[in-house]
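Got the viewer open and the cartoon loaded? Let's take a walk through this chain, one selection at a time.

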Amino acid sequence: MMDKNYDHKKFEDSINKQWSEAGVFTAKRDPSKKPYTIVLPPPNASGKMHTGNVLMIAIEDILIRWHRMRGDEVLWIPGTDHAGTETQITFEKELKKQGKSRFNYNRKDFYEEIWKFVQNNKNLVEGQIKKMGASVDWTRNKFTLDPDVVAMVSKTFEKLNNDGLIYRGDYMVNYCPNCGTTYADIEIDHIERKDPLYYLKYGPFVLATVRPETKFGDTAVAVHPDDPRYKEWIGKEINVEGLNGPFKLKVIGDEYVDPKFGSGVVKVTPAHDPNDYEMGKRHNLPSIKVVGLNGKLTQVAGKYAGMTVFTARKTVVEDLEAKGLIEKIDENYVHSVSVCKAGHDVEPTILPNWFIKIDSLRAPALEAVKNGEVKIFPKWRTLTYVRWMENMHDWAISRQNIWGIRIPAWYKAVENPELVISFINSEGSVVTGQLSELLKNNKLTEVKKGLQTLIAPAGAKYIISTNEPGEDYIQETDTFDTWFSSGQWPLATLGYPDSEDFKYFYPTNVLETGWEILSKWVSRMVMLGIYLTGKPPFKAVYLHGIVRALDGRKMSKSLGNVINPEEYIEEFGVDALRMGLVAGTATGKDFSFPRDRIIGYKKFANKLWNIARFIEPIRASEVEMTKNGDDQWILTELEVVARKANQYLEKFRFAEAAELIYEFVWHKFADVYLEKVKDRREEASGTLHKVLSDSLKLCHPFMPFVTEAVWQEIFPQEEGLLISQRWPFSN
Ligand SMILES: [Zn+2]
């Protein structure tokens, strides 16, 4: 006898175990079958599953189970991402609790510490993927820092370099001269502070600035293009009396300028301000570096060269006042200042970073989508991809992180005396300086042993090599942007270039992910996939909307509206949570967390259970089915629904397929047909069993646990697991 109600807690783990023991998730490479492959977008290895991950897994598992039931050789590859910056920051927070920071470690030890930290957490997210019933092939599980992935990604970089597509170029970073390191945007704190605002005389203008010491790096003054006070000046040059003699500056018009700030005129210092840097790019202005990596003014500052920023500001202001070049000083100006974790002022600085030339890579990637070789669903998202591709700039792929794949570039010590290096010396103290200076008191082997970071100047000589070229070389300390490694994920997970898996399963069929990483991730995979193999890595892209909070707002810790999927799994079961979220995706747009639907689908799971309880006592007739009009009707309806659901799934219309099957099972099979056959159960037993069996199959990709549980209650053991049955009417 079946229990009165379906209790998800009683079944989920044991059914998962049965699937796993039966090995049904493991792909075989059967040459007589059609491969069907999906690569799971790798969640953060040290993160926790969020509602977006649940939706992603639900949709992909529908596709995978559906294709498995249609007789394809399916492969769904799981994996996790090292999530460079995010993970390193999380780890550093942990370190802080122990009173330590990254500066207590050399690069190698610090990396190993994060490795241990991540290994401990990795099991958590993998356990959550399992809990969701994801029928991924765990024998092929990958991590973005697995040695074979690192080797493959490094080799791609080498190939790009050999093809002339790699160069070092300027990039604006948050640099702290005090700490001697750069910080990611999210590591920077923005504080409100009162600083003097100086109104400086600049030729015919007066302009306001809090940083008069950077005036030696000015390459223009800017006004708003529609500001009637200054319109006529745009494009002209002004003569400015400076502290190192008179000079000329161009006047540019740029929308960025706020006419209400100060006098409506600003100086443009592209080398030391992110907004000025962008303006500089828009107007082709040169960047002149005023503050060096040591935090002191450079030679361009003339007699102020060598002063710290703080001293220089004071001295410059005194000298400007003496020359009558300051109109007024607003002592009560409050503004937002960027500071590092230690509270030092951050100096926006242009540093050489590694770039990929994009033009030859993006042209075929744009074409592949335009000519339909890669189809994007929903179709209206295609435009986002096309726009992004058309406006793409060269890709800065280096990050000043330790946690990541280290760039395989090497600097020969004797050829690069100007490398700026931080290392822990034999006494355990951190030393920063130019390599040539450091080598006066330290051996190169010691510098390399304690190495924390290096900054190579623009003209540094380097070679690219996946192996250490010699003992007198130091490796770049920057790591790759995580999108560079995850941009090769379909290849790395399939063992590109030589493996049997790669030959059989590539290109994959569908890439399914949230729309917000279409530009960052999907575009990169298409570019690198075509570059390396000549083929796009997938034939279709399905983009789901973002799950918002119950109140429709974006989930965020600060709003306190983050939904923990585990609580819903506990209360309503995996099936209800999965199906509820899938039903929410109907339009492909963002949607509020569909709590009511989840409750509704928990009831539906119970409905399936109760239909089975009705049928359970009736033995399936061994003899030919006796059919009357009602039987004929439900069998016809069943076929219509199965075929229609197939069509919906082929077009990635998951919510419609789910709704259709739900309507059939609840309102036609249960409400109408079961009522009608109440008095002729024995006679209708063949039809009852057939419709139940096919209904379970249709529901299985959407609600794998309850369907498998009911299947095993009703159908004899020799039929095997539901997961391995054939999808009804699939031919
Ligand atoms: Zn600092």
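Here is a tour that starts with the whole chain and then goes stop by stop.

**The whole chain**

Keep everything visible for a moment. This is a predicted model, and the C-alpha atoms of the chain fill a box of roughly 110 × 65 × 50 Å along the principal axes. Colour by secondary structure and you have 22 helices and 28 strands to look at. Of the 731 residues, 42% are buried. Among contacts with a separation of 6 or more, 78% link residues 24 or more positions apart.

**The two domains**

Now colour 181-349 and 565-724 separately: the domain assignment calls these domain 1 and domain 2, respectively. Put a distance marker between their C-alpha centres and it should span 68 Å.

**Around β5**

Select residues 166-176, which is strand β5, together with strand β14 at 347-356. The two run antiparallel, paired over 10 bridges. To find your place in the ladder, pick methionine 172, whose bridge partner in β14 is isoleucine 350.

Next, add strand β6, residues 181-183, which pairs with β5 in the antiparallel sense over three bridges. Here asparagine 174 has tyrosine 183 in β6 as its bridge partner. The β5-β6 hairpin has four residues between the strands, and glycine 180 takes a positive phi near 70° there.

**A three-stranded sheet**

Hide that and move on to an open sheet with the strand order β22-β18-β23 and antiparallel pairing. Its edge strands, β22 (463-464) and β23 (473-475), each pair on one side only. Select β18 at residues 409-412 to see its antiparallel pairing with β23, which covers three bridges. Tyrosine 411 is a good one to click on: its bridge partner in β23 is isoleucine 474.

**Two crossing helices**

Show helix α8 (residues 359-370) and helix α15 (residues 518-533) on their own. How far apart are their axes, and at what angle do the helices pack? The axes are 8 Å apart and the angle is about 110°. Angles of 65 to 115 degrees count as roughly perpendicular, so that is the label for α8 and α15. Turn on side chains at the crossing: Leu361, Arg362, Pro364, Ala365 and Ala368 in α8 meet Ser523, Val526, Met527, Ile530 and Tyr531 in α15.

**Into the cores**

Time to go inside. As background, nonpolar side chains in soluble globular proteins tend to be buried together. The largest nonpolar core in this chain has 170 residues, and those with the most contacts inside it are Leu577, Val582, Leu608, Ala658 and Ile661. Helix α2 (residues 51-69) gives this core its largest share, 11 residues. Domain 1 and domain 2 each contribute at least three residues to this core.

Centre on leucine 608 and show its neighbours: leaving out residues up to four places away in sequence, it touches Val665, Cys699, Val706, Thr707 and Val710. Then look for a second, separate core of 22 residues, which includes Tyr198, Ala222, Leu285 and Leu325.

**Last stop: α17**

Finish by selecting residues 574-584, helix α17. Is this helix mostly covered or mostly exposed? Mostly covered: 11 of its 11 residues are buried. Those buried residues include Leu577 and Val582, the pair you met among the residues with the most contacts in the largest core. Charged residues are on the buried list too, with Asp575 and Arg578 among them.

Definitions and conventions:
Residues are numbered from 1 along each chain as its sequence is written. This is a predicted model: local features need pLDDT of at least 70, side-chain atom pairs count only at pLDDT 80 or more; totals for chains, interfaces and linings use all residues. Two strands pair if DSSP finds at least two bridges between them. Domain bounds come from an automatic or database domain assignment. A residue is buried if 20 or more other C-beta atoms lie within 10 Å of its own, exposed if 12 or fewer, and partly exposed in between; C-beta atoms are placed from the backbone. Two residues are in contact if their C-beta atoms, placed from the backbone, lie within 7 Å. A nonpolar core is a set of buried Ala, Val, Leu, Ile, Met, Phe, Trp, Tyr and Cys residues joined through C-beta atoms within 7 Å. Axes are lines fitted to C-alpha atoms, for helices over the stretch in contact, and angles run from 0 to 180 degrees between N-to-C directions. Angles under 35 degrees count as roughly parallel, over 145 as roughly antiparallel, 65 to 115 as roughly perpendicular and the rest as oblique.
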